[in-house]
Amino acid sequence: MEVDETLKRIQAQKGVTGVIIMDNLGRSIRSTLDDEATTKHTALLRQLCDKSKSVIKELDTANDLSFLRLKTKKNEIMIAPDKDYLVAVIYEKSS
């Protein structure tokens with residue numbers, strides 16, 4: 001299946017610690033994280049994307065969120081929201 005191959009290819013990239021694909025309601029469709037981490041990440045990332053979309057729309061009603069990148073001390077999370085799905089890739093930052 002193409003989705004599984006894509007997940008494997010992304011997961012094989014250096015530093016990738018997790019990949020999550022979720023629907024527009026925040027339900028996990030596929031994940032390379034364990035169940036507990038998946039549940040935690042999907043809930044929080046969905047909230048973050050919803051709030052980010054709201055901020056973008058309030059600043060410019062003709063604009064929309066297309067990509068979100070978060071850098072923390074430990075990780076980097078890249079989020080690609082779409083109409084029906086959201087893909088999040090979690091990287092461990094190199095020291």
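Colleague: Happy to look at this with you! How many residues lie between β4 and β5 in their hairpin?
Modeller: Keep in mind that this is a predicted model. Strands β4 and β5 run antiparallel, joined by seven bridges. They form a hairpin, and the number of residues between them is three.

Colleague: Which residue in β5 stands opposite isoleucine 77?
Modeller: Let us look at β5 from two sides. The bridge partner of glycine 18 in β5 is isoleucine 90. Isoleucine 77 also stands opposite a residue of β5, and that residue is isoleucine 90.

Colleague: Stepping back, in what order do the elements of the chain run from the N terminus on?
Modeller: The chain has two helices and five strands. Starting at the N terminus, the elements run α-β-β-α-β-β-β.

Colleague: What is the order of the strands in the open sheet?
Modeller: Two antiparallel pairings help here. Strand β1 (residues 16–23) is joined to β5 (residues 85–92) by seven bridges, and β1 pairs with β2 over three bridges. The five strands of the open sheet, with antiparallel pairing, have the order β2-β1-β5-β4-β3.

Colleague: Why is one side of β2 and of β3 left without a neighbour in the sheet?
Modeller: Strands of a sheet pair through backbone hydrogen bonds. Here β2 (28–31) and β3 (68–71) each have a single partner strand, so one side of each has no neighbour in the sheet, and the place where both stand is at the edges.

Colleague: And what does the twist average from one strand to the next?
Modeller: This value belongs to the open sheet of five strands. From one strand to the next, the twist averages 15°.

Colleague: What angle does the direction of helix α2 make with that of β1?
Modeller: Both helices pack on the sheet, so to speak, in their own ways. Helix α1 (residues 2–11) touches β1, β2 and β5, and its direction makes about 150° with that of β1. Helix α2 (residues 35–59) touches β1, β2, β3, β4 and β5, and its direction makes an angle with that of β1 of about 65°.

Colleague: Which residue takes a positive phi in the hairpin of β1 and β2?
Modeller: Isoleucine 21 stands opposite arginine 30 in β2, and also opposite valine 87 in β5. The hairpin of β1 and β2 has four residues between the strands. The residue with a positive phi, near 90°, is glycine 26.

Colleague: Is glutamate 76 buried or exposed?
Modeller: Glutamate 76 lies in strand β4 (residues 75–81). Among the residues that glutamate 76 touches are Leu70, Val89 and Tyr91. Its relative accessibility is 11%, and buried means under 20%, so glutamate 76 counts as buried.

Colleague: Which side chain does a polar contact of 2.4 Å join to that of glutamate 76?
Modeller: The residues touched by glutamate 76 include Arg69, Lys71 and Lys93. The polar contact of 2.4 Å joins the side chain of glutamate 76 to that of arginine 69.

Colleague: What radius of gyration does the chain have?
Modeller: The C-alpha trace spans about 40 × 35 × 25 Å along its principal axes. With 95 residues, a compact globule would have a radius of gyration near 12 Å, and the chain agrees with this at 14 Å.

Colleague: Lastly, which residues does UniProt list for "domain: Roadblock/LAMTOR2"?
Modeller: The record is an unreviewed entry. Over the stretch in question the chain is 38% helix and 34% strand, with end C-alpha atoms 19 Å apart. UniProt lists this domain for residues 3–91.

Technical notes: Residues numbered from 1 in each chain as written. Predicted model: local features only at pLDDT ≥ 70, side-chain atom pairs only at ≥ 80, totals over all residues. Heavy atoms only, no water. Buried < 20%, exposed > 50% of the residue type's maximum accessible area, 1.4 Å probe, protein only. Polar contact = N/O pair within 3.5 Å; in protein donor to acceptor, adjacent residues only side chain to side chain. Contact = heavy atoms within 4.5 Å. Pairing = 2+ DSSP bridges. Axes fitted to C-alpha atoms, helices over the stretch in contact; angles between N-to-C directions. UniProt positions renumbered as here; feature names shortened; annotations may be inferred. Rg over C-alpha atoms; globule rule 2.2 N^0.38 Å. Lists of a residue's contacts leave out its neighbours within four places in sequence.
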